[in-house]
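Got the viewer open and a residue selector handy? Load the model shown here and we'll walk through it one selection at a time.

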Amino acid sequence: MSHRDPAPLTTRQAVALGRGAGRELAYGLRAVKAELRAWSARAGAIPDAALRALVLQGMEEGRALVDGAALFWTVPQRRSDDLLRALVALQTLLNVLDIVLESDGRRLGGPRPWMWLAEHALDAHGPPFPGDIINNELGDDGGYFEALIATCRDACRALPSYPAACDTLLRETRRAVSFEIEHEPDPVRRSALMRHWAGSHFADQAGLASWELAGGASSLLSAMAVLAMASDPGIDAERMARAADAYTWVASTGALLDSYSDIEADKNSGAHNWFGYYGSAGQAAGRTATLLTGAIERVRALPVGERHVVIVGGMAALFLSGDAARRPERRATTAALVRSGGTLTRVLVPFLRAWRIAYGQRAG
């Protein structure tokens with residue numbers, strides 16, 4: 001595992017951290033809570049009981065991921081309520097789709113293609129959303145999915161640089177069909193699909209394995225970074241694409257850190273876990289450390305890179321501050337992973353641990 005410090009706590013980095021933390025504590029956490037309260041109330045009114053249960057389960061299990069996605073709200077120069085609404089709606093949609101795809105995979109022997117919903121959400125000028133498909137295939141949702149997508153679209157449309165971001169956003173949503181591949185229950189078929197998908201979508205991306213690319217693309221972290229940049233005026237399409245490419249590494253790292261947190265839970269439930277693609281848990285942890293260092297180095301090279309480093313360090317600290325990562329038999333590995341994220345990650349871990357305890361998010 002790497003011993004260099006990719007995120008030293010320089011004066012500029014400390015200022016970026018203070019700025020982001022201040023914005024989150026003063027407004028962000030409360031705003032996210034209010035948005036989620038409204039979406040939970042809407043989900044509770046879904047007429048179809050089975051679909052309602054799936055949606056509420058997805059929202060509950062993905063609560064911490066929404067707070068993580070909302071951290072991108074701290075990147076733009078000015079506070080943007082439209083960006084916050086887009087991030088919360090998009091991550092909520094992904095959390096629900098995760099549960100739907102998992103349910104489909106178990107019941108049908110393979111998940112149906114639902115990631116086109118994410119493309120609809122981020123294509124503000126695209127065709128109208130065909131809500132009748134949801135009712136015919138999943139059950140009567142009472143307009144829940146349509147409302148999520150409309151909220152995200154309206155918020156995207158209001159972002160100053162959205163026109164320059166649109167092509168990159170759509171590219172990232174099309175790559176995110178890996179989310180469906182991830183839920184394919186047949187491991188042989190899943191691996192073959194993953195290799196074909198990676199060759200089609202990432203022919204120019206070196207240094208990452210097909211499963212690392214697949215795990216990262218499904219999170220749409222790269223799209224969230226692009227949305228954050230689109231909140232500032234005057235950002236051109238080339239800068240958007242550069243940011244998305246850098247966040248390819250961030251997203252792959254996030255998938256592995258999530259798997260590290262969930263190793264025992266996934267083993268008990270039989271759920272898919274990205275650590276299973278390596279020769280051993282130690283090899284997987286070492287690879288995760290390498291990717292975390294590389295991800296921080298790549299985002300640090302972006303404009304206002306110190307703000308992006310806060311995002312990556314915060315993501316790593318969120319995963320590495322949970323109860324699972326703190327088990328006695330895993331403390332040495334967790335400490336090594338924290339070191340690979342640099343001084344900033346090490347500083348953030350106790351703060352994220354306190355946040356988990358305060359908000360009941362200790363597990364994972």
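What follows is a tour of a few helices, two cysteines and some loop residues.

**Before you click**

This is a predicted model, so keep in mind that local features need pLDDT of at least 70 and side-chain atom pairs count only at pLDDT 80 or more, while totals for chains, interfaces and linings use all residues. Residues are numbered from 1 along each chain as its sequence is written, and side-chain values use heavy atoms, with hydrogens and water left out.

**Stop 1: the cysteine pair**

Select Cys-152 and Cys-156 and show their side chains. How far is the sulfur of Cys-152 from the closest cysteine sulfur? The gap is 4.4 Å, to Cys-156, and that is too far for a bond. For Cys-156, too, the nearest cysteine sulfur is that of Cys-152, so Cys-156 is in no disulfide. As a reminder, a disulfide is a covalent bond between the sulfur atoms of two cysteines; here the rule is a pair of cysteine sulfur atoms within 2.5 Å. Going by that rule, the count is zero disulfides.

Now turn on the surface. Buried or exposed: which is Cys-152? Cys-152 is buried, at 0% relative accessibility, and Cys-156 is also buried at 0%. (Buried means under 20% relative accessible area, exposed over 50%, and partly exposed in between, using a 1.4 Å probe and protein chains only.)

Stay on Cys-156 and colour by secondary structure. Its home is helix α7, residues 144-157; helices here are DSSP runs of H or I with at least four residues, strands are E runs of at least two, and numbering goes from the N terminus. Leaving out residues up to four places away in sequence, Cys-156 touches Ala-121, Leu-122, Ala-124, Tyr-162 and Leu-227, where contact means heavy atoms within 4.5 Å. For a sense of scale, put a distance label between the C-alpha atoms of Cys-156 and Leu-337: 181 residues apart along the chain, they are separated by 35 Å.

**Stop 2: α8 against α12**

Two of those neighbours take us onward. Select helix α8 (residues 162-175) and α12: their axes come within 9 Å and cross at roughly 180 degrees. That makes α8 roughly antiparallel to α12. Axes are lines fitted to C-alpha atoms, for helices over the stretch in contact, and angles run from 0 to 180 degrees between N-to-C directions. Under 35 degrees counts as roughly parallel, over 145 as roughly antiparallel, 65 to 115 as roughly perpendicular, and the rest as oblique.

Show side chains at the contact: Tyr-162, Ala-165, Thr-168, Leu-169 and Glu-172 in α8 meet Ser-222, Ala-223, Val-226, Leu-227 and Ala-230 in α12. By class, that's seven nonpolar, two polar and one charged. (Ala, Val, Leu, Ile, Met, Phe, Trp, Tyr, Cys and Pro count as nonpolar, Asp, Glu, Lys and Arg as charged, and the others, Gly among them, as polar.)

Next, pick Leu-220, in the loop between α11 (210-217) and α12 (221-230). Its phi is near 60 degrees, a positive value in a residue other than glycine. Leu-220 counts as buried, at 0% relative accessibility.

**Stop 3: α15, its loop and α16**

Select residues 281-300 for α15 and 305-320 for α16; the two axes come within 8 Å and cross at roughly 155 degrees. α15 and α16 are therefore roughly antiparallel to each other. On the α15 side of the contact you'll find Leu-292, Ala-295, Ile-296, Val-299 and Arg-300, and they meet Gly-305, His-308, Val-309, Val-312 and Ala-316 in α16. The mix here is seven nonpolar, two polar and one charged residues.

Zoom in on Val-304, in the loop between α15 and α16. Phi of Val-304 is near 45 degrees, again positive in a residue other than glycine. Is Val-304 buried or exposed? Neither quite: at 35% relative accessibility, Val-304 counts as partly exposed.

**Stop 4: α1 over α16**

Keep α16 and add α1, residues 11-44: they pack at an angle of about 60 degrees, with their axes 9 Å apart. α1 and α16 are therefore oblique to each other. Arg-12, Gln-13, Ala-16, Leu-17 and Arg-19 in α1 meet Glu-306, Arg-307, Val-309 and Val-310 in α16. This contact has four nonpolar, one polar and four charged residues.
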